[in-house]
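Hi,

Here is the structure I said I would pass on. Have a look, and then read my notes underneath.

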Amino acid sequence: MGSVSLKIGDGTARFKRATLCSSAINILMLFSVITTNLFALYAFNFSPDHRLNNPFRHPHKNISLISEQVSLIIKQIDSSQRKLAQMEKQLLGYDTLDLSRPNLAAELKLFLQHHQLPLGKDSRTGITEMVASVGHSCEKSADLLSQYMSYKVSGPCPDDWSLAQKLILKGCEPLPRRRCFAKTVPKPGLTSLPVSLWKPVNDKIVTWTGLAMGNGGIRIGFDIGGGSGTFAARMSERNVTVITNTLNVDAPFSEFIAARGLFPLFLSLDHRFPFYDNVFDLVHATSGLDVGGKPEKLEFLMFDIDRILRAGGLFWLDNFYCSDDEKKKALTRLIERFGYKKLKWVVGEKTDAAGSGKPEIYLSAVLQKPVRI
């Protein structure tokens, strides 16, 4: 996940603005140097009595004067550094949402917390932390955003699709992830491809307060961290359309996937998935699901996966690497909170390739999302 985070800034508006920030830094630093030299020159040449020819006649007064001037210079430098840091945050788009404002939902504050990059400072961009993936225009609709993030954790999500759409139309996108279960309603009677392309949709399988589907064939899927798109290619041979989420980490994966006639989605795992609720028949994920070993990040991600997967749909966890048995237990506890039916659950071990003798633990599972009323 560390390498993923380091690639996020390539070519975006955020880091293009860094040029302006660098110019501001240079101007302020030049001003500070000139001011420091002027004050130093003034301190060493100033005499309380111009009639005195010997500047060392009153050494205690001179030392006191110099100390005062140095203290003033230090205060000005500190003030400039604080202003510079604030300008840098504004130019980079940081902290546009004031988390100290009253009546702000606790879930929103938790989601917006910054996280340090796993590998430390990025030498190219100077960025040291990951900023929460919520639209900065949300500041203009902070009250609505707080209302959107007010819900019971691990409970049913409010029926507020109209509120979410209002925020999006106001430029507040992407919306933050939520830790609640999207409402689902069973939708029997779905047909497979290609009949489903032209068959009229029954009103009984459409809900105007939030889409949901019941059991049906696998037609569309989402592959998280799909690399070169091999999973999507294999599913395409079975007439299943799969969108592959990937980043160009050490290779042009997105271009390669597109060249195969498949659909790449260039998106980091810190973003809310740009799909409506309950639309996918299948979500496939491998070890790329591990978001830097952050338990709270994985929890937000799992709730987002649950949101886009329809009732009766399948969540396929394919050879997920667990560094130790404790991590496997923590992941198991998290998955069991969602109440999925375990169609397949296999835990395997193999010897560490580095020769340490420590076993590597892998978890593979096929889980079916339940219907929640």
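Below is what I found, going from the whole chain down to single residues.

First, a caveat: this is a predicted model.

**The chain overall**

The chain has 373 residues, and 39% of them are buried. Its secondary structure comes to twelve helices and nine strands. If you take the contacts with a sequence separation of 6 or more, 68% are between residues 24 or more positions apart. As for the surface, about 21,200 Å² is exposed, with 58% of that coming from carbon and sulfur atoms.

**Strand β9 and its partner**

Strand β9 covers residues 359-368, and seven of its ten residues are buried, so the rest of the structure largely encloses it. It pairs with β7 (residues 309-322) in the antiparallel sense, over seven bridges. To pick out one position, L317 has A365 of β9 as its bridge partner.

S364 also sits in β9. Is it buried or exposed? Its relative accessible area is 13%, and because the cut-off for buried is under 20%, S364 counts as buried. Its side chain reaches the backbone nitrogen of N319 at 3.0 Å. Leaving out residues up to four places away in sequence, S364 touches L317, D318 and N319, and also K344, W345 and V346. L317 therefore turns up twice in this part of the model: as the bridge partner of A365 and as a contact of S364.

**Helix α7**

Helix α7 spans residues 161-169, and its buried residues are L163, A164 and L167. Looking down the axis of α7, these buried residues fall within an arc of 100 degrees, so they line one face of the helix. What do they pack against? The answer is α6 (142-148). Just after α7 comes G171, which takes a positive phi of about 90 degrees.

**L298 in helix α11**

L298 belongs to helix α11, which runs over residues 295-308. With a relative accessibility of 12%, L298 counts as buried. L298 and D270 are 28 residues apart in sequence, while their C-alpha atoms are 9.8 Å apart in space.

That's the tour; shout if you want to go through any of it together.

Cheers

Methods:
Residues are numbered from 1 along each chain as its sequence is written. This is a predicted model: local features need pLDDT of at least 70, side-chain atom pairs count only at pLDDT 80 or more; totals for chains, interfaces and linings use all residues. Side-chain values use heavy atoms; hydrogens and water are left out. Helices (H or I, at least four residues) and strands (E, at least two) are DSSP runs, numbered from the N terminus. Buried means under 20% relative accessible area, exposed over 50%, partly exposed in between (1.4 Å probe, protein chains only). Two strands pair if DSSP finds at least two bridges between them. Contact means heavy atoms within 4.5 Å. Accessible areas come from the Shrake-Rupley method with a 1.4 Å probe; for residues, only the protein chains shown count as cover. The arc is that of the directions from the helix axis to the C-beta atoms. A polar contact is a pair of N or O atoms within 3.5 Å; within protein, one must be able to donate a hydrogen and the other to accept it, and residues adjacent in sequence count only if both atoms are side-chain atoms.
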